[in-house]
Amino acid sequence: MIIFVIVVLVVVIGVLIVYNIHIQKKIESFNNINQKVNNLSVLQDFMTIAGEEDTVDQKLRKINEIIIEKYEIKYSTIVVFNGAEYVIKASNVESKHHEALSNLHTEEIFQDSVATATPKYITIDSENEKLPYQKFEMGRAKSAMFFPLYIDNIYIGYWIMESGQMHAFDKTDTTILEVVKDNIISVLQTTAYQETIENIDRIDKFTGLHSAEYLYGNAKRIFSKYATSAVCMFRITNIEEINKSINREMGNDMITEISNVIKSKMAAQYVFVRYMGPKFIIVFSGVEENSVEEFLTSLKEEIENLELVQDEEEVQKIRIIKGKKVRIREIKERQTASPKLNFVVSTYYKGTGLEQLNKRLEEYIDQAPADESQINYI
């Protein structure tokens, strides 16, 4: 009887073990499926952020926040080489640690990882130890995973995630983290052009206006809040004549004065830039094309009524008289100048190519007759 009970118990235990194994496999399968779904969700979030109108740094900070939330990581830092130095693009680590985190590429423990494009996992085994790259800190991070970032076999930086626990990543599936790393690289690739545009924007010294590149970077986030906006390009048509007949200083003063008049009339959501030379662009964010005519007519009239004065001045010239250089003093008469403007206006639709629209406006302005001075709609 006892033998029978033992046999029955053994059979029951065996069945339970088989059942538990079966359940464990189902749980693992479910976890794998759930992880794949989570990865797809994270990738979708990454791509959504990449397409938003934020700056590159804002996008990377959002991505870092998603990584921390979705993968329950204590610390996450993205460092990128900007062509001159390594800079932290996103991190939830206190700023006092940023200098150390932005120089990990110089640490011997990570140099093999950078050279071979492979991740590096490091941890400590006792509370009295610290990670090799920690110079003056203990306790914040006790384990870390380092991922070098490459684009087309070119090393461009790294992503490091850290934990306050020892051996925190011992059982971590690195294939999942490789997917995260690849997604970070994808976003860096898709935002490379945007970052270039953001960095080459300059302030014009005569007008204090942004250059044309501003339109395709930071300014785009202003007028892209609206479905349509009126875009106006204008040219000072007689600037070359002023430069030639009076002097270039008068021409520069004219450009400055016109810019100041227009800046004083710009609403906060409008964008005004010096496009190139005597050409300027105004983007009337959220305004219909046919609604700007009255404003432009009034603006054109006010600017063309401006009169800049070049007071008479004494100038000295050198002339050759009978083979000798003779210094002659002359009085340059008082001169005045007024600008003439030619406008062309069109509509920008959110999500379309602003650079193509501007090119079309510029072609019209450049091909217009030299004496044309009006408001045109195309």
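## A tour of two strand regions

Start with F146: its bridge partner in strand 5 is I160. Keep in mind throughout that this is a predicted model.

**Stop 1: strands 4 and 5.** Select residues 143–151 for strand 4 and residues 154–163 for strand 5. The two strands pair in the antiparallel sense, over nine bridges. They also form a hairpin, with two residues between them. Click on D152 in the turn: its phi is positive, at about 55 degrees.

**Stop 2: the other partner.** Stay on strand 5 and add strand 1, residues 75–81. This pair is antiparallel too, with six bridges. To find the register, pick V80, which stands opposite G157 in strand 5. Now switch on a surface. Is strand 5 mostly covered or mostly open? Strand 5 is mostly covered, with nine of its 10 residues buried.

**Stop 3: an open sheet.** Move on to a sheet of five strands. In what order do they run? The order is 7-8-6-13-14, the sheet is open, and the pairing is mixed. Select 271–276 for strand 7 and 375–377 for strand 14; these stand at the edges. Each has a single partner strand, so one side of each lacks a neighbour in the sheet. Look along the sheet for its twist: neighbouring strands are turned by 25 degrees against each other on average, direction ignored.

**Stop 4: strands 7 and 8.** Strand 8 covers residues 279–284. It pairs with strand 7 in the antiparallel sense over five bridges. Use F272 as a marker here; it stands opposite I282 in strand 8.

**Stop 5: the helix across the sheet.** Select helix 11, residues 354–367. Which strands does helix 11 lie across? They are strand 6 (228–236), strand 7, strand 8, strand 13 and strand 14. Against strand 13, helix 11 runs at about 155 degrees.

**Stop 6: Y349.** Finish in strand 13, residues 341–349, where Y349 is found. Is Y349 buried, partly exposed or exposed? Y349 counts as partly exposed because its relative accessibility is 49%, and exposed would need over 50%. Next, show its contacts. Leaving out residues up to four places away in sequence, Y349 touches A227 and T228. Draw a distance from Y349 to A227, C-alpha to C-alpha: the separation is 6.0 Å, although the two residues are 122 residues apart along the chain.

Terms used
Residues are numbered from 1 along each chain as its sequence is written. This is a predicted model: local features need pLDDT of at least 70, side-chain atom pairs count only at pLDDT 80 or more; totals for chains, interfaces and linings use all residues. Side-chain values use heavy atoms; hydrogens and water are left out. Helices (H or I, at least four residues) and strands (E, at least two) are DSSP runs, numbered from the N terminus. Buried means under 20% relative accessible area, exposed over 50%, partly exposed in between (1.4 Å probe, protein chains only). Contact means heavy atoms within 4.5 Å. Two strands pair if DSSP finds at least two bridges between them. Axes are lines fitted to C-alpha atoms, for helices over the stretch in contact, and angles run from 0 to 180 degrees between N-to-C directions.
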